Every structure is written in C-alpha cells, then in structure tokens.
Amino acid sequence: MQAIAVLPQGLEEEGAKELNTLGAKAVRPLRRAAAFEADMACFYRLHLQARLPFRLLREIAQFPCRGPKELYAGVQSAFNWERWLHPSMSFRVDVTGSGPGLTHSHFTALQVKNALIDLQRQLWGERSDIDLQDPALCLHLHLSRDCAVLSLDGSAGSLHRRGYRAAVGAAPLKENLAAGLIRLSGWDGSVPLVDPLCGSGTLLIEAASMKLGLAPGIQRSFLLEGWADFDPQLWSEEQARAKQRERRDQSLPVIIGCDRDPSITTQAKTNVAEAGLDHVVGIQSCDFRDLELPTQPGVMVCNPPYGIRIGQDENLTALYESLGQYAKKHASGWQLWLLNGNPSLSRSLQMKASRRIPVSNGGIECRWLNYAIR
C-alpha cells in the first residue's frame with residue numbers, strides 16, 4: 001500500500017529513518033510528513049512501534065478534483081463503501097490542503113460526508129452518524145492542485161499520546177517530538193542523561209523507553225482493528241514481535257531530572273510511574289543549581305521556557321544565565337542540548353552552539369541547540 005506518516009516539522013529525516021528501520025519501503029521525506037510503501041504487517045508494526053509520527057495514513061484512492069462536484073463523484077466511486085462503511089458505523093472526515101472551489105476545510109469535509117451519506121441512503125435507506133471524537137472509521141482527504149488523495153487513518157487520535165502522561169505542565173512537550181529530539185541528540189544509552197528543567201519528564205521518559213525497546217502503541221487500541229480487511233492473526237504476530245523487542249532488564253546509566261516546583265516534580269513522578277520506568281528514571285525536587293551530576297560525563301537535555309507561553313523575558317534571562325554558568329562549572333566534558341524558541345534568551349547562556357537544528361514545537365519555530373561544554 002501507499003501510505004503517509006504525518007511528522008513534526010523538523011523531524012522529517014529522522015521520521016524517515018525510523019520508518020526504514022521498521023521495514024517501510026521507498027521512504028521519501030516530505031514537509032511535515034514522509035511517504036512510504038508498506039505491506040499490512042509493516043503498517044501494523046508502525047502503529048505499534050513507531051515513536052515519531054502523529055498519524056499513519058493508508059491511501060485508498062487518488063482521483064482528479066477540480067471542484068465540489070468532481071469531489072462528490074470521486075469519493076463515491078473511490079472505494080468499496082458497501083463493505084467498509086455500514087450505516088451502523090460512525091465516521092469522521094479530516095481535510096488538509098485546498099483545490100479549485102474547495103478552499104475551506106469544513107466545506108470540503110461536508111462534501112465528502114454528503115457523498116457518503118447519499119450513497120448509503122441509496123444502498124440501505126439509512127445513514128451513518130458523524131462522530132468527531134470516537135468514530136469507527138476516520139477518513140483523511142488531502143487536496144493538492146487538481147488532485148485528491150483519500151486515505152484511512154489507522155487511529156482516530158494522535159499517536160503522540162502514549163497514555164502515560166495524565167499529568168502535564170502548562171506547556172507540555174509532545175511525546176513524539178521529545179522522542180525525535182532524543183534521537184537527534186545521539187544519546188545511545190551508554191552515558192548518563194540529565195534534564196535540569198524536567199517539567200513533566202517527557203524527554204527522560206521517551207529516552208528510557210526507546211533504549212528499553214518499549215513499544216509506544218502496545219497498550220492502546222486502533223481504528224484499524226475495525227477495518228474490513230483487518231487480519232487478527234497478523235496483528236497478534238506483530239504485537240508479539242513488539243513485546244519481544246522489550247529489554248526491560250537491560251541496565252541503563254543514570255537518568256535523572258529535577259524541577260524546583262514540588263507540584264511539577266509530583267506530576268513528573270506520576271508520569272514516570274505510569275510509563276513503568278520508576279526503577280530507571282529518577283526525579284528530584286530541587287533547583288538545578290543544587291543538582292549533583294554523575295561523575296561520568298553524559299548528555300544534558302532540556303526544554304526551558306521561551307517567554308512565549310510561560311514567563312517573561314526579563315524573568316527568564318537570569319534563568320538562562322544561571323543554566324550556562326552551572327553547565328560550565330559542573331558539566332565539563334558533557335553535551336548540552338537545549339530546545340529554544342527565543343534567540344535572545346539562548347544568547348544569555350553565553351555559550352556558542354555547535355549545531356542548530358530547526359524544529360517546530362506547538363507552532364513555535366524553535367532550534368534544538370547543541371553545546372559541547374568545555
């Protein structure tokens with residue numbers, strides 16, 4: 001099948017590498033996505049094991065689309081809807097892109113919905129309900145120039161939600177973005193990992209989960225399990241394969257984080273426990289200036305506030321200055337990776353970045369900055 005992985009902006013290359021590693025073929029990075037080919041086993045495997053995608057879309061049809069009428073007719077003839085969408089099933093339509101006469105996503109989604117409901121009434125004399133929150137079938141339509149691509153979404157909700165993070169801070173880092181940032185850092189599980197401003201603990205949790213081979217989708221359910229061509233035996237085989245990759249007894253180096261707000265560290269500890277990593281990831285309630293680092297040099301990662309959603313620039317300048325001073329005094333020989341969405345603040349570190357990787361965090365243009373601490 002032809003398929004698309006929807007990815008965080010800036011992680012397209014890393015996402016493509018992950019798809020390749022998990023068996024996808026003909027992988028091609030796009031903007032905020034990667035196109036690939038997969039058989040059903042691979043498509044199942046990606047839902048269970050891929051850490052970076054927001055969504056995995058299975059293409060079911062491409063057709064010319066030069067206006068609402070052509071969209072209506074194209075949708076009705078695109079697929080075997082009699083087999084795939086019985087009136088007893090609810091559905092949802094998501095739309096991206098635009099085309100001639102189809103510039104508003106809500107109007108475009110309504111055209112797709114009307115085409116399917118009218119067809120159902122012809123076939124059965126009744127229609128499906130629309131369910132935006134918990135549909136039985138989720139359709140995705142992408143418009144580009146004069147072409148429409150219709151796909152099935154393997155899960156109604158975003159894949160970045162792992163299920164361990166009931167407790168989050170005011171500006172949480174999405175789990176898939178955190179996983180991608182750890183991959184970009186090059187941390188391989190052989191040296192300590194420290195987050196001096198750990199917030200809800202997401203960077204540390206994702207790092208430990210990756211190195212222990214814990215499949216992010218193993219505990220959740222997916223819409224694809226209700227598809228007309230779902231193969232229960234193949235699904236069970238891929239679930240077993242994912243479980244076999246787990247290395248829960250593997251020894252890891254010190255992985256610790258801290259925050260000076262006790263309520264935040266309580267949240268982080270809850271998240272670590274929910275992820276089943278409280279024996280691996282340590283969370284301390286203290287100011288980072290009081291954090292004692294492991295003697296072995298390692299990797300420091302953090303996502304400090306930018307002054308956009310949390311704090312003000314004048315309050316944060318001192319924070320960045322103190323972080324830079326702490327790193328130079330206590331972390332000689334370490335690597336520091338810092339996510340920053342405010343260049344004026346990162347300059348307050350008074351350190352020179354050796355790498356600057358553009359990424360987007362919740363719509364904020366950021367840089368994943370790397371500093372070799374001398």
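Biologist: Does Glu 70 count as buried, partly exposed or exposed, and what is its relative accessibility?

Modeller: This is a predicted model, and the values discussed here are computed from it. Buried means under 20% relative accessible area and exposed means over 50%, with partly exposed in between. Glu 70 has 26% relative accessibility and therefore counts as partly exposed. The side chain of Glu 70 also meets that of Arg 66 in a salt bridge, at 2.8 Å from N to O.

Biologist: How should a salt bridge be understood, and how many does a search of the whole structure find?

Modeller: Side chains of opposite charge can pair when their charged atoms come close. In this structure, the search finds 14 salt bridges. One network of them links Glu 14, Lys 17 and Arg 183.

Biologist: Which side chain meets that of Arg 51 in a salt bridge?

Modeller: The partner is Glu 206, with an N to O distance of 3.0 Å. This pair links distant parts of the chain, 155 residues apart: Arg 51 is in the loop between helix 2 and strand 4, while Glu 206 is in helix 7, residues 202-211. Both residues, Arg 51 and Glu 206, are buried.

Biologist: With which arginine does Glu 206 form a salt bridge whose closest N and O atoms are 3.1 Å apart?

Modeller: That residue is Arg 162. Arg 162 lies in the loop between strand 7 (147-153) and helix 6 (175-185), and Glu 206 lies in helix 7, so the pair ties together parts that are 44 residues apart in sequence. As for accessibility, Arg 162 counts as buried at 10%, and Glu 206 is buried with a relative accessible area of 0%.

Biologist: How is the arrangement of two helices read, and at what angle do the axes of helix 6 and helix 7 cross?

Modeller: An angle of 65 to 115 degrees counts as roughly perpendicular. Here the axes of helix 6 and helix 7 come within 8 Å and cross at roughly 65 degrees. That makes helix 6 roughly perpendicular to helix 7. The crossing is right-handed. Residues of helix 6 that take part in the contact include Ala 178, Leu 181 and Ile 182, and those of helix 7 include Leu 203, Glu 206 and Met 210.

Biologist: Let us turn to the sheet. In what order do its seven strands stand?

Modeller: The order is 2-3-1-4-7-6-5, in an open sheet with mixed pairing. Strand 2 (25-30) and strand 5 (91-97) are at the edges with a single partner strand each, so one side of each has no neighbour in the sheet. On average, neighbouring strands are turned by 30 degrees against each other, with direction ignored.

Biologist: In which sense do strand 1 and strand 4 pair?

Modeller: Strand 1 (residues 2-6) and strand 4 (residues 55-64) pair in the antiparallel sense, over four bridges. Within strand 4, Arg 55 is the bridge partner of Val 6.

Biologist: Which strands do helix 1 and helix 2 meet?

Modeller: Helix 1 (residues 12-21) lies across strand 1, strand 2 and strand 3 (33-37), and runs at about 170 degrees to strand 2. Helix 2 (residues 40-49) packs on the sheet, where it touches strand 1, strand 3 and strand 4. The direction of helix 2 makes about 135 degrees with that of strand 4.

Biologist: Finally, where is Ser 90 found?

Modeller: Ser 90 is in the loop between helix 4 (81-84) and strand 5. Ser 90 has a relative accessible area of 15% and is therefore buried. Among the residues that Ser 90 touches are Leu 85, Asp 129, Asp 131 and Pro 135.

Methods
Residues numbered from 1 in each chain as written. Predicted model: local features only at pLDDT ≥ 70, side-chain atom pairs only at ≥ 80, totals over all residues. Heavy atoms only, no water. Pairing = 2+ DSSP bridges. Axes fitted to C-alpha atoms, helices over the stretch in contact; angles between N-to-C directions. Contact = heavy atoms within 4.5 Å. Salt bridge = Lys/Arg side-chain N within 4 Å of Asp/Glu carboxyl O. Buried < 20%, exposed > 50% of the residue type's maximum accessible area, 1.4 Å probe, protein only. Parallel < 35°, antiparallel > 145°, perpendicular 65-115°, else oblique. Left-handed = near helix turned anticlockwise from the far one by under 90°. Lists of a residue's contacts leave out its neighbours within four places in sequence.
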